[in-house]
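Student: I'd like to take a close look at one part of this protein with you. Could you walk me through it and then set it in the wider fold?

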Amino acid sequence: PPTPKRSPTPAPGRSGAPPSRSDAESLPQTSDYRALSDRLAADPKNPALMNEMGNYLTQHGRLRSAIPQYEAALKIKPDLAIVWNNLGIAQTALQSYADGERAYRRAIKLNPGYAFAYYNLGANFDRRENVDEAISWYQRAIELDPTLLDVRVNPQVATNRHLVAILLKSYIDKRGAVFLPVQ
């Protein structure tokens with residue numbers, strides 16, 4: 001799709017422009033933030049920078065400001081699975097579960113081997129208390145990338161209340177061909 005035209009003063013968070021003044025004032029004014037803002041201002045149509053800004057805003061709890069950054073990146077380059085995944089993270093965190101699900105499914109469609117998107121889709125269903133669906137997506141993620149069981153790779157696994165069920169289901173599905181860790 002064509003990139004929307006930028007006005008001289010874009011609406012807050014509506015393009016790849018740095019966040020609005022009120023958002024910027026509430027964020028830690030680190031050199032990282034200033035450098036990222038400067039880079040984005042110099043290259044406002046760069047989807048990688050928009051994604052990076054979205055991630056920065058997400059990490060600092062500014063989810064509603066992060067979403068337009070991800071959306072702007074996807075308008076320019078809609079085939080970025082990582083941006084779809086990041087959009088899903090923000091939407092799920094805001095309890096927009098159906099939107100988050102759509103974003104994760106788009107990431108998976110674009111990159112069927114993207115294990116984190118499967119894991120995050122599982123987390124989306126988990127937050128909706130759809131346990132069976134959550135376990136299926138978690139299991140698929142771990143089958144694609146067993147390192148997701150390592151808390152250093154995937155910190156979410158430390159609090160996953162379904163881990164035993166996921167591993168047992170995988171073990172049963174594979175007829176005992178999967179190693180179960182001993183506690």
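Which residues does glutamate 101 touch, not counting residues up to four places away in sequence?

Tutor: Happy to! Keep in mind that this is a predicted model. Leaving aside residues up to four places away in sequence, glutamate 101 touches Leu121, Asn124, Phe125 and Arg128. Glutamate 101 itself sits in helix H6, which covers residues 97-110. Its relative accessible area is 17%, and because buried means under 20%, glutamate 101 counts as buried.

For a contrast, let's turn to isoleucine 172, which belongs to helix H9, residues 163-173. With a relative accessible area of 61%, isoleucine 172 is exposed, since the cut-off for that class is over 50%. Isoleucine 172 also has company: together with Val164, Leu168 and Tyr171, it forms a nonpolar patch on the surface. The accessible area of these residues together is about 390 Å².

Now for the wider setting. The protein chain has nine helices and zero strands, so its pattern along the sequence reads α-α-α-α-α-α-α-α-α. Of its 183 residues, 42% count as buried, and glutamate 101 is buried too. As for the outside, the chain exposes about 10300 Å², with carbon and sulfur atoms supplying 54% of that area. Finally, if you take the contacts between residues at least 6 apart in sequence, 48% of them join residues at least 24 apart.

Terms used:
Residues are numbered from 1 along each chain as its sequence is written. This is a predicted model: local features need pLDDT of at least 70, side-chain atom pairs count only at pLDDT 80 or more; totals for chains, interfaces and linings use all residues. Side-chain values use heavy atoms; hydrogens and water are left out. Helices (H or I, at least four residues) and strands (E, at least two) are DSSP runs, numbered from the N terminus. Buried means under 20% relative accessible area, exposed over 50%, partly exposed in between (1.4 Å probe, protein chains only). Contact means heavy atoms within 4.5 Å. Accessible areas come from the Shrake-Rupley method with a 1.4 Å probe; for residues, only the protein chains shown count as cover. Patches are made of residues with over 30% relative accessible area and no salt bridge: like charges are joined within 9 Å, nonpolar side chains (Val, Leu, Ile, Met, Phe, Trp, Tyr) within 5 Å. A salt bridge is a side-chain nitrogen of Lys or Arg within 4 Å of a carboxyl oxygen of Asp or Glu.
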